[in-house]
Amino acid sequence: MNKHINKVAVIGSGIMGSGIACHFANIGVEVLLLDIVPRELNEKEKKKGLTLDDKVVRNRLVNESLTAALKSKPSPIYHQKFASRITSGNLEDDIAKVSEVDWIIEVVVERLDIKKKVFENLEKHRTPGTLITSNTSGIPIKFMSEGRSDDFQKHFCGTHFFNPARYLKLFEIIPGPKTSPEVLDFLNSYGEKFLGKTSVVAKDTPAFIGNRIGIFSIQSLFHMVKDMGMTVEEVDKLTGPVIGRPKSATFRTVDVVGLDTLVHVANGIYENCKSDERHEIFKLPNFIDTMMENKWLGSKTGQGFYKKTKGKDGKTEILTLDLDTMDYRSKKSAKFATLELTKTIDKVIDRFSVLTGGKDKAGEFYRKSFGQLFAYVSHRIPEISDELYKIDDAMKAGFGWEHGPFQIWDAVGLDKGLEFIKNESQAAAAWVEEMKAAGIDSFYSVKDGATYFYDISKKAMQKVPGQDAFIILDNIRESKEVFKNNGVVVEDLGDGILNVEFQSKMNTIGGDVLSGLNKALDMAEKDYQGLVVGNQAANFSVGANIGMIFMMAVEQEYDELNMAIKMFQDTMMRMRYSSIPTVSAPHGMTLGGGCELSLHADKVVAAAETYIGLVEFGVGVIPGGGGSKEFAVRAQDTFKKNDVELNVLQEYFLTIGMAKVSTSAYEAYDLGILQKGKDIVVVNKDRQIATAKAHAKLMAESGYTQPVKRKDIKVLGKQALGMFLVGTDSMEASHYISEHDKKIANKLAYVMAGGDLSEPTMVDEQYLLDLEREAFLSLCTERKTLERIQHMLKTGKPLRN
């Protein structure tokens, strides 16, 4: 199906509809967002003398919804200017405009009768061949298209986005009775390639895949918490980051999503899945009924499983619901010996065997919960999906699980999983026993860098489709490793391109990482054609190893610290002036040193969800790995196009001084971190390494030449320094910054001005690097800087002193 999506219509502008509209705008698609016309004036409109015929009134609902969405945090849009791609209207005056779009997405209230009326009206204006889909989260697709034309039904299916549409990757595609296979293939590809989603084709069963398994998991915990006498805090402690789930874990997630939303889906499954072997698990426990009666729905009503209050001293306190008394009480700490055993295990997948082997309540909890989950997912094949990997994909992309149920089962072992199931008086589906009898003891395997899964119908391992566009580092690390130390693994990506993958905690950059990066550059310059610096962890890098800096500073080992900073600077300069092209592939948090590395690469291939910035001010220093130098260089490069040199330099200065971090890769262009015409953004993070490799290869094949070191950097000297010092004096006097903030800012000013030169002068990069390193070291001797670093190490948050 050769189709191009240039314009979409989104019908319904609620939280979900506006979120979907924003995400299409994110990827450059023109959007028509329509909603109903108000039936009465509000007080503000009455005072203005408006009538129901005025356009501003007729479009009030859609415009208010979109405005609220654009103001919400986290933002649904990559950059506020992208909102101009969205045109709003209403379903009476503007519905004829749907004839101009390539795809119509219905996102109205979850009532079949209303959806059918909307589709009846849309068909009067829809151009034949236009895709038309519903974002329903559970209404059977087969009912919605009844009575519609053959062309409508051929191009109709469910496309279930998860909320928030920008951040959750799951895109469930649910065919109707007459949906064309070409339409399904197109949407599957479009979701992955353009929307950056994990596309999963699901069957038309209640709650589809993600919510069917996700709600079972939550409901099973709801029942278990009472049976095991556990507290809300204990369950959230055990079902959060320790097992690769979001920080909000279970009960906090329900509070955020809304208890009423969960109850609606659970009731739908209970009513429509009578033959489900765990049917009763979807019946709501008594404490949920009480919460619903009291309207303790979570964040939207101010209280749920948690409640934020203010004490007599004005301090905020988070109270927790006691599920026995149904009263709120102060939070209790949750500690388990089993969790202590996993503190030295960095990879989540390696923790499961330890967690399920625990001798305390935590171990029992994991054995029971995983036993029930394993049994349940085994029975959902082929009911909700024919392929087990789709269940794992749905849970990872829709619920933020790092590993899906079958991957976790592999981690604990097939036999152990069957033992957990038996101990819960459950039974696995027959196909699991058949798989075991055939001598296959895992659901997944890796061969030649590709992931294979056990195909139930073929009774054999089959390659997971759609991998060819990806490079999965977990799959190639062992077979393609060409160098390894404690900080990095260097892999051969093929076609003459190496990849440096950080392996340190939070991918911090210390001595081992820098040594490994230099080794990779040596190897690439000698025997390869290009170098990518990329990984597939949650974050690219949170910056330099500040623990190492703190220890050197406390021990007053200033010579060693000077050498460490110089090594960092020299390595960044090697990234810039290597004889082979270097490509950085940042994603997630890319802070401090991680940002500096990207600033010095020949090209940046950034994931759209990249939060990048120079944040060193937060720990009492300036960027010392070339970041301060680079911003001075980039400011002067802009001088050529802008006569107001001081204003340009001030903008770059404030970006560092205010520790600005982009909320998307697109915002990083505004901050001067990414450069238009050179750096690119990819929406699907799974494609990032392959895209970075392709660009490194293209640069090499296009005749890459080692850059000439620059000696043409114009610094303004005292002219700029004076401006900065007056500004910092004023800010301190007005109590906007502390005395120590002023000291840091003045050090940065000295570097970016090029020192106190009497007139504008041309200098080289090493001159600025020496100023930068000297300023960095002098700040490390300050007591308040050490206090800030220590506070950051303890709390992960900056200290203002």
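A nonpolar core is a set of buried Ala, Val, Leu, Ile, Met, Phe, Trp, Tyr and Cys residues joined through side-chain atoms within 4.5 Å. Keep that in mind for the exercises below, which all concern a predicted model.

**Exercise 1. Find the centre of contacts in a core**

Task: Which residues of the largest nonpolar core touch the most other members, and which helix gives the largest share?

Solution:
- Step 1. Start with the membership: the largest nonpolar core has 110 residues.
- Step 2. Look for the best-connected members, and you arrive at Phe305, Trp409 and Trp431.
- Step 3. Turn to the helices: helix 16, residues 361-379, supplies 9 residues, the largest share of this core.
- Step 4. Pick Trp409 and leave aside its neighbours within four places in sequence; its contacts are then Phe374, Ser378, Leu414, Gly417, Leu418, Ile421, Ala428, Val432 and Phe443.
- Step 5. Now look elsewhere: another core of 93 residues lies apart from the largest one, and Ala83, Leu187, Val619 and Ile744 are among its residues.

For background, nonpolar side chains in soluble globular proteins tend to be buried together.

**Exercise 2. Place one isoleucine**

Task: Is Ile218 buried or exposed, and what does Ile218 contact beyond its neighbours within four places in sequence?

Solution:
- Step 1. Locate the residue: helix 9, spanning residues 210-227, contains Ile218.
- Step 2. Ile218 has a relative accessible area of 13%, and buried means under 20%, so Ile218 is buried.
- Step 3. Beyond those sequence neighbours, Ile218 is in contact with Thr250, Val254 and Leu262.
- Step 4. Take Thr250 from that list: it is 32 residues from Ile218 along the chain, yet 7.0 Å separates their C-alpha atoms.

**Exercise 3. Check two prolines**

Task: Where do Pro74 and Pro164 lie, and what is omega for the peptide bond leading into Pro74 and into Pro164?

Solution:
- Step 1. Pro74 sits in the loop between helix 4 (60-71) and strand 3 (86-90).
- Step 2. Lys73 and Pro74 are joined by a cis peptide bond, with omega about -5 degrees.
- Step 3. Pro164 belongs to the loop between strand 6 (156-161) and strand 7 (170-175).
- Step 4. From Asn163 to Pro164 the peptide bond is cis too, and omega is near 0 degrees.

**Exercise 4. Follow up a positive phi**

Task: What is phi for Ala659, and how accessible is Ala659?

Solution:
- Step 1. Phi is about 50 degrees, a positive value, although Ala659 is not a glycine.
- Step 2. Ala659 is in the loop between helix 27 (645-657) and helix 28 (665-670).
- Step 3. The relative accessible area of Ala659 is 25%, and partly exposed runs between 20% and 50%, so Ala659 is partly exposed.

Technical notes. Residues are numbered from 1 along each chain as its sequence is written. This is a predicted model: local features need pLDDT of at least 70, side-chain atom pairs count only at pLDDT 80 or more; totals for chains, interfaces and linings use all residues. Side-chain values use heavy atoms; hydrogens and water are left out. Helices (H or I, at least four residues) and strands (E, at least two) are DSSP runs, numbered from the N terminus. Buried means under 20% relative accessible area, exposed over 50%, partly exposed in between (1.4 Å probe, protein chains only). Contact means heavy atoms within 4.5 Å.
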